[in-house]
Amino acid sequence: MASMGRFTVGSHVWVEDADVAWIDGLVEEVHGDELIINCTSGKKVTANVSSVYPKDVEVKRSGVEDMTRLAYLHEPGVLRNLKSRYGMNEIYTYTGNILIAVNPFQRLPHLYNDHMMEMYKGAEFGELSPHPFAMADRAYRLMMNYGISQAILVSGESGAGKTESTKMLMQYLAFMGGKVESGGRSVQQQVLESNPVLEAFGNAKTVRNNNSSRFGKFVELQFDQNGKISGAAIRTYLLERSRVCQISDPERNYHCFYMLCAAPPEDRERYKLGDASLFHYLNQSNCIKLDGMDDSSEYIATRRAMDIVGISSDEQDAIFRVVAAILHLGNVEFSEGSEADSSVPKDDKSQFHLRTAAELFMCDEKSLEESLCKRVMVTRGESIVRNLDSRAAALSRDALARIVYSRLFDWLVNKINTTIGQDPTSKLLIGVLDIYGFESFKTNSFEQFCINLTNEKLQQHFNQHVFKMEQEEYTKEEIDWSYIQFVDNQDILDLIEKKPGGIIALLDETCMLRNSNHEIFAEKLYQKFKDNPHFSRPKFSRSDFTIHHYAGNVTYQTDLFLDKNIDYAVNEHQDLLHASTCPFVSSLFPPSEESTKSSKSTKFTSIGSSFKVKNHCSFYFRLY
Ligand SMILES: Nc1ncnc2c1ncn2[C@@H]1O[C@H](COP(=O)(O)OP(=O)(O)OP(=O)(O)O)[C@@H](O)[C@H]1O
């Protein structure tokens with residue numbers, strides 16, 4: 001964004017700095033577009049006007065509670081204001097009706113107690129210090145006073161504090177809309193208790209966050225005419241299933257695996273488990289234990305939360321059996337079999353884990369082995385059994401682990417929704433969307449691609465609802481609004497999701513081709529988008545591609561795009577687990593439409609195509 005206004009000698013300015021982002025100073029000399037600036041840090045710098053911004057010298061050192069009151073709403077002004085407030089332990093700041101939270105990385109219980117909720121109840125927005133309770137209160141009042149459903153979007157990068165903020169919003173809405181139940185559990189209690197269950201199965205330690213949600217979540221609270229919570233629905237998006245089989249140091253797999261390995265001895269015996277470090281799906285990373293997290297007591301707490309959300313003890317037993325079976329499955333290694341390109345479990349140890357996995361899944365051991373080491377091909381009505389070599393068998397094992405885990409997670413979400421119950425008559429809703437922020441790592445795969453697509457969509461929504469609406473308002477009031485600039489990202493969305501011809505469409509097309517691979521996919525992209533300004537091919541790369549997102553450039557590695565996009569269980573896995581004598585396991589793999597038509601072809605479903613955010617959000621919450 002270019003700087004505004006003309007600078008003269010003596011102007012107070014902010015200038016970009018490689019070490020501390022922005023430093024302030026005084027313009028000493030002006031030579032056309034070049035400015036010589038004497039910085040308060042003592043540095044003297046020469047800068048082009050394009051990297052220099054005017055500084056508001058009248059702003060208080062303590063900053064302002066609402067940044068729309070700043071003379072300049074530019075990056076250095078915003079950062080300076082947030083920094084000043086953070087220094088005074090003020091972690092929340094408004095920008096109009098957006099709340100910005102800066103992660104305090106320490107517990108601040110006094111900010112979120114009952115007394116605070118009482119204070120914010122019905123208080124005029126802006127009357128009290130910025131706070132998530134004020135956001136929730138506003139949503140609640142708007143819903144009650146105007147009869148209009150509301151949504152709150154919680155967005156930010158990983159570790160910024162989205163989940164914590166979502167919990168506070170829910171806490172306040174439960175406080176306002178909670179019903180006193182004479183017996184049983186109230187809807188609000190069940191909604192709040194669903195968090196520990198979802199966190200046990202959907203959260204993991206990542207580089208940035210020890211308790212990172214590896215799924216997006218939309219919680220819809222339904223209210224009756226009196227403003228009391230009458231039902232709730234939880235929808236989740238794209239659980240990161242690759243984590244089940246593959247983790248890198250210093251990350252961890254999903255918490256539930258470690259909890260189960262730290263369960264009381266009788267449970268560990270029941271599920272034939274030992275120390276977490278014995279399992280391949282866990283010991284690929286050196287991080288087994290987490291500072292400040294006691295997996296044994298988390299196991300007990302998760303069991304208790306499962307009771308509250310109505311998961312019976314039989315169901316809990318089956319759930320943990322499946323979790324244990326996945327761990328044993330991961331320890332099955334393969335070596336070459338006697339026939340060409342065939343495979344068999346490598347040794348007695350692998351055979352033991354295969355047998356144990358079959359026992360826990362309650363399926364036939366031989367069938368499990370065959371489902372990992374063989375494929376049935378159907379050509380012109382004839383079935384041909386093909387062997388898989390040891391590498392392909394290991395891939396098949398991982399695919400089975402991933403699909404079982406993701407079905408298990410979906411089952412939990414459905415169960416929670418069924419127990420909490422929906423109110424189909426409700427016309428008053430508040431939705432809270434807690435969704436991963438923009439991600440750009442050293443290696444970016446399909447998950448980052450989907451996450452960044454979501455953020456492009458949210459950004460577009462933000463553009464439309466905040467900038468465009470605000471500018472219409474200014475135009476109406478004949479205020480000069482030309483200084484608000486924003487990037488319209490429709491072209492980037494078209495590049496990704498246009499049908500036909502967008503990246504997702506090309507990915508689906510490639511997945512459906514026989515003998516296709518990621519290089520074929522990448523080649524299609526290079527051909528199709530060679531002139532697209534938002535797309536580029538990194539130098540010397542055979543299969544990577546870069547998208548010029550609104551938030552910056554991200555280079556994606558396509559290696560696993562095809563595998564990760566495919567969202568179906570191969571027939572061998574489907575048939576095996578559907579035949580399990582455990583009704584729970586069998587119910588995770590209901591007969592598909594295709595198999596009931598007795599066809600052996602698998603219906604193609606893709607994650608990329610189904611990954612859409614459809615929610616309308618009325619105001620925003622942004623975290624740093
Ligand atoms: N308001 C807060 N008060 C105290 N601690 C906080 C607060 N917000 C965040 N934290 C701390 O930061 C950690 C990360 O926050 P959180 O899990 O909410 O991030 P997130 O944005 O949801 O991340 P991800 O996208 O990885 O799930 C929390 O576990 C907590 O320790």
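Buried residues account for 38% of the 624 residues in the protein chain. The model is a predicted one. Its secondary structure comprises 22 helices and 21 strands. The radius of gyration is 27 Å, close to the 25 Å given by the globule rule for 624 residues, so the chain is as compact as a globular protein of that length. Along the principal axes, the C-alpha atoms fill a box of roughly 85 × 70 × 45 Å. Contacts reach across the sequence. Of those between residues at least 6 apart, 64% join residues at least 24 apart.

Helix α12 (residues 365–373) was examined through its packing against two other helices, α11 and α19. The first partner considered is helix α11, which spans residues 348–361. The axes of α11 and α12 lie 9 Å apart, at an angle of about 110°. This angle falls in the range of 65 to 115 degrees, so α11 is roughly perpendicular to α12. The crossing of α11 past α12 is right-handed. On the α11 side, the contact is formed by L354, R355, A357 and A358. On the α12 side, E365, L368 and E369 take part. By class, the contact holds four nonpolar and three charged residues, with no polar ones.

The second partner is helix α19, covering residues 571–578. Here the axes are again 9 Å apart, but the angle is about 165°. Angles over 145 degrees count as roughly antiparallel, so α12 is roughly antiparallel to α19. The crossing of α12 past α19 is left-handed. S367, L368 and S371 of α12 meet E572, H573 and L576 of α19. This contact divides into two nonpolar residues, three polar and one charged. L368 of α12 takes part in the contact with α11 and also in the contact with α19.

A further site concerns D423. This residue lies in the loop between α13 (390–420) and β17 (428–436). D423 has 18 C-beta neighbours inside 10 Å, and therefore counts as partly exposed; the buried class begins at 20. Beyond its neighbours within four places in sequence, D423 is in contact with Q222, S230 and G231. For S230, the separation along the chain is 193 residues. The C-alpha atoms of D423 and S230 are nevertheless separated by 5.9 Å.

How values were computed. Residues are numbered from 1 along each chain as its sequence is written. This is a predicted model: local features need pLDDT of at least 70, side-chain atom pairs count only at pLDDT 80 or more; totals for chains, interfaces and linings use all residues. Helices (H or I, at least four residues) and strands (E, at least two) are DSSP runs, numbered from the N terminus. The radius of gyration is taken over C-alpha atoms; the globule rule is 2.2 Å times the number of residues to the power 0.38. A residue is buried if 20 or more other C-beta atoms lie within 10 Å of its own, exposed if 12 or fewer, and partly exposed in between; C-beta atoms are placed from the backbone. Two residues are in contact if their C-beta atoms, placed from the backbone, lie within 7 Å. Axes are lines fitted to C-alpha atoms, for helices over the stretch in contact, and angles run from 0 to 180 degrees between N-to-C directions. Angles under 35 degrees count as roughly parallel, over 145 as roughly antiparallel, 65 to 115 as roughly perpendicular and the rest as oblique. A crossing is left-handed if the near helix is turned anticlockwise from the far one by less than a right angle, and right-handed if clockwise. Ala, Val, Leu, Ile, Met, Phe, Trp, Tyr, Cys and Pro count as nonpolar, Asp, Glu, Lys and Arg as charged, and the others, Gly among them, as polar.
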